[in-house]
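Biologist: I am new to this structure and should be grateful for a close look at a single part, the nonpolar core. Please set it in the context of the chain as a whole.

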Amino acid sequence: MSKLVPCMWFSGDAVEAAKFYVSLVPNSEITHIQHNVSDGPSGKEGSVLVVEFTVAGQPLVALNGGMKMEYTHAISLMIHCDDQTQVDSVWNAFLAHGAKEEQCGWLRDRWGVAWQVVPKAMFEYLSSPDKAAAARAWQAMMNMVKLDVEVLRRAFEGKSAA
């Protein structure tokens with residue numbers, strides 16, 4: 001059966017990036033490293049060409065493509081976190097490795113890849129049949145950088161932030 005596997009472009013540090021990504025959450029590992037069979041734009045013979053890995057069970061590929069390519073927000077990778085502890089752990093790991101914070105649970109890692117670090121509760125709040133409660137949670141999220149489960153819950157329930 002066919003699979004969709006996102007391929008991320010790097011300019012020589014695909015192994016370093018993959019090692020960092022697999023350190024973020026459980027069920028993550030490097031599964032295969034392919035080396036260049038001859039000299040080419042992506043590197044010398046024997047250097048790493050492709051790193052296959054999984055993050056939270058999702059297969060990904062890191063390609064050492066040679067030249068630097070810029071990422072945009074047109075595509076991002078989202079990590080669904082079980083709770084605030086996991087949000088904090090993943091968020092802080094990104095920051096400790098050179099990421100830049102952005103709005104609404106987004107950050108950009110040191111390679112320029114856009115990530116969303118989102119608690120599972122956020123999806124429950126936003127998909128609630130109680131549209132007013134969902135709107136309150138949405139509005140609270142729009143005012144955050146790193147998402148805060150407790151603040152989102154209180155907004156969803158219509159309680160003050162205090």
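Modeller: Of the contacts in the chain with a separation of 6 or more, 57% are between residues 24 or more positions apart. The model is a predicted one. Its chain holds five helices and eight strands, and these follow one another from the N terminus in the order β-α-β-β-β-β-α-β-β-β-α-α-α. The C-alpha trace spans about 60 × 35 × 25 Å along its principal axes, and 41% of the 162 residues count as buried.

The core itself may now be considered. The largest nonpolar core has 29 residues, among which Tyr21, Phe53 and Phe94 touch the most other members. Two or more residues each are given to this core by strands S1 (7-10), S3 (48-55), S4 (58-64), S5 (77-81) and S8 (114-119), and by helices H1 (14-22) and H2 (84-96). The largest share, six residues, is that of H1.

Phe94 deserves particular attention. Apart from its neighbours within four places in sequence, Phe94 is in contact with Phe20, Tyr21 and Leu24, with Ile79, and with Ala99, Leu107, Asp109, Trp115 and Val117. Tyr21, one of these partners, is also among the three residues that touch the most other members of the core.

A second core lies separate from this one; its 17 residues include Trp106, Val118, Met141 and Leu147.

As for the outside, the accessible surface of the chain is about 9100 Å², and carbon and sulfur atoms account for 57% of that area. The chain carries 14 positive and 18 negative charges, whose mean positions are 4 Å apart.

How values were computed
Residues numbered from 1 in each chain as written. Predicted model: local features only at pLDDT ≥ 70, side-chain atom pairs only at ≥ 80, totals over all residues. Heavy atoms only, no water. Helix = DSSP H or I, 4+ residues; strand = E, 2+ residues; numbered from the N terminus. Buried < 20%, exposed > 50% of the residue type's maximum accessible area, 1.4 Å probe, protein only. Contact = heavy atoms within 4.5 Å. Areas by Shrake-Rupley, 256 points an atom, 1.4 Å probe, with all protein chains shown as cover. Lys, Arg positive; Asp, Glu negative; His and termini not counted. Charge placed at Lys NZ, Arg CZ, Asp CG, Glu CD. Core = buried A, V, L, I, M, F, W, Y, C linked by side-chain atoms within 4.5 Å.
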